[in-house]
Amino acid sequence: PPFTTSSLQQDAANRLGFFTKRTMITAQQLYEGIDIAGEGTVGLITYIRTDSTRISEEAQAIAKTYIEETYSSEYVGNNVYNNNKKKKDVQDAHEAIRPTSILRHPDDIKESLSRDQYKLYKLIWQRYTASQMSKAIYDSRAIEIENKEYMFKATGSQLKFDGFLKVYSFSETSETMLPDIKEEQELYFMGIEPEQHFTQPPARFTEASLVKELEEKNIGRPSTYVPIINTLLVRRYIQREKKSLLATELGFVVTDLMENYFNNIVDINFTAALEEKLDDIEENSMQWKNVVNDFYITFKEELNSADEEISKIEFEDELTDEECEQCGKPLAIKHGRFGDFLACSGYPDCKNTKPIVNKTGVNCPECGKEIVERRSKKGKLFYGCSGYPDCKFILWNKPTDKKCPECDSILTEKKTKKSNYLCANNACGYRE
């Protein structure tokens, strides 16, 4: 189906690496209008806060004509998307997120768009166009390989007709794609790749998977997903580690307090249940005063209890083994608005501070000093020599104490399907 707010945020995170806030800021720009050469200021997409997959009949007709003329009539789909079956309380006031005109191809207006605007508009255009195209068709295949007294079997698919994949190549099929081989064809042994699988714990939330969970649990609305995540980050209840979201110590403490004193509100079904009551009020089957009164009586008692029993929480500074260069007292880890840092435990008598440096234990190949973790102005993690600015050696991948067998440079951690380590020397390109 075409994008809703939730699916746009998820796809932009998974396909483009955009955080939800970045997605919505860029989408807002596309919605409000961009100065397009030869056209003036044009709103490129429809309203961006929606949970409906509905498309107007006029837009469908234009899309059908465009697809037929551009690709051929066999690519024209007849798809009907109705997410009212999926969710009881879909608000159908706005269409799905789509280009205001399918005729405005992303590549034709690329010069008028910023890099982020082009990427997001292209994603929306592709998704919408694909949603109006015919389905992709696969042949299910099974290949039996006879090897003396043994029989090996491979099952999977082969693409017969690409359909919407002609435009939107992000296929969600989990099928194994098999090559085109003939019966009685002789095969040659190349090697064995043994794989062992273990039961894994659930992965940490990313912004995309958290938005999906919020939608499935009926928590919030399309317009509230970004503020929810942003509030959790700003108040330091969670923090980002690469793409993952991690709960902080403060987050654990606040959650425990909320569960102890306001367990009926932080219950995951509270929001969904309240939404249903609001719908009943709208349909005049329930009085709003009764709903508010039932909630407030219990809430007032909990609030009074919490007000009396919860004392102010203060986190003690975590002392380190490192001594202050100015007074000799131990340095402590402090929590500031821009992250953690080291400060003298003798404050306010001594006001010495310094950044926290995570050491790698690997020495710089150019000057011999230790390589440490650093962050760019945009927050991206990299690894640089501690002798900066005298030595400007940097790596984007984590260095290891392994040496490249071909050029004797550092091997860095670079996990792909085929290797775990990559030579730091770009001219070498050795993988292990």
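1. Salt bridges. The whole structure, a predicted model, holds 9 salt bridges. The criterion is a side-chain nitrogen of Lys or Arg within 4 Å of a carboxyl oxygen of Asp or Glu. In this model, local features need pLDDT of at least 70, side-chain atom pairs count only at pLDDT 80 or more, and totals for chains, interfaces and linings use all residues. Residues are numbered from 1 along each chain as its sequence is written, and side-chain values use heavy atoms, with hydrogens and water left out.

2. Arginine 15 and aspartate 11. These two side chains meet in a salt bridge, 3.7 Å from N to O. Both residues sit in helix α1 (residues 5-16), and because they are 4 residues apart, about one helical turn separates them. Helices here are DSSP runs of H or I with at least four residues, strands are E runs of at least two, and both are numbered from the N terminus. Arginine 15 is partly exposed at 32% relative accessible area. Aspartate 11 is buried at 7%. The cut-offs are under 20% for buried, over 50% for exposed and in between for partly exposed, with a 1.4 Å probe and protein chains only.

3. Arginine 22 and aspartate 116. Here the closest N and O atoms of the salt bridge are 2.8 Å apart. The pair links distant parts of the chain: arginine 22 belongs to helix α2 and aspartate 116 to helix α4, 94 residues apart. Arginine 22 is partly exposed, at 34% relative accessibility.

4. Arginine 104 and glutamate 39. This salt bridge has its closest N and O atoms 3.0 Å apart. Arginine 104 is in the loop between α3 and α4, and glutamate 39 is in the loop between β1 (34-36) and β2, so the pair ties together parts 65 residues apart in sequence. Arginine 104 counts as buried at 15% relative accessibility. Glutamate 39 is partly exposed, with 44% relative accessible area. On sharing: salt bridges with common partners join Asp11, Arg15 and Arg127 into one network.

5. Leucine 120. Buried or exposed? Leucine 120 is buried, at 0% relative accessible area. Its place is in helix α4. Contact means heavy atoms within 4.5 Å. Beyond its neighbours within four places in sequence, leucine 120 is in contact with Leu8, Ala12, Leu16, Thr23, Thr26, Ala27 and Leu30. The C-alpha atoms of leucine 120 and alanine 12 are 7.2 Å apart, although their positions lie 108 residues apart along the chain.

6. Aromatic pairs. There are 8 aromatic pairs in the structure. Rings of Phe, Tyr and Trp (its six-membered ring) pair if their centres lie within 6.5 Å; planes under 30 degrees apart are stacked, over 60 edge-to-face, the rest tilted. Tyrosine 31 and tyrosine 47 make an edge-to-face pair, at 5.4 Å centre to centre and 70 degrees between the planes. Tyrosine 31 is in helix α2 (residues 20-32) and tyrosine 47 is in the loop between β2 (40-42) and α3 (57-70), 16 residues apart. Tyrosine 31 is partly exposed at 33%, and tyrosine 47 is partly exposed at 27%.

7. Tyrosine 75 and phenylalanine 161. This aromatic pair is tilted, with 4.9 Å centre to centre and 40 degrees between the planes. Tyrosine 75 is in the loop between α3 and α4 and phenylalanine 161 in strand β4 (residues 150-161), so the pair ties together parts 86 residues apart in sequence. Both residues, tyrosine 75 and phenylalanine 161, are buried.

8. Serine 134. Which residues does serine 134 contact, leaving aside its neighbours within four places in sequence? They are Glu74, Tyr75, Val76, Gly77, Phe161, Gly163 and Phe164. A polar atom of the serine 134 side chain lies 3.0 Å from the backbone oxygen of glutamate 74. Serine 134 is located in the loop between α4 (115-131) and β3 (137-147). At 12% relative accessibility, serine 134 is buried.

9. Phenylalanine 295. This residue is in helix α9 (residues 288-309) and is partly exposed, at 33% relative accessibility. Ring pairs link Phe262, Phe270, Phe295 and Phe299 into a cluster. Phe295 also joins Trp288, Val292 and Tyr296 in a nonpolar surface patch of about 410 Å². Patches take residues with over 30% relative accessible area and no salt bridge, joining like charges within 9 Å and nonpolar side chains (Val, Leu, Ile, Met, Phe, Trp, Tyr) within 5 Å. Areas come from the Shrake-Rupley method with a 1.4 Å probe; for residues, only the protein chains shown count as cover.

Technical notes
Polar contact = N/O pair within 3.5 Å; in protein donor to acceptor, adjacent residues only side chain to side chain.
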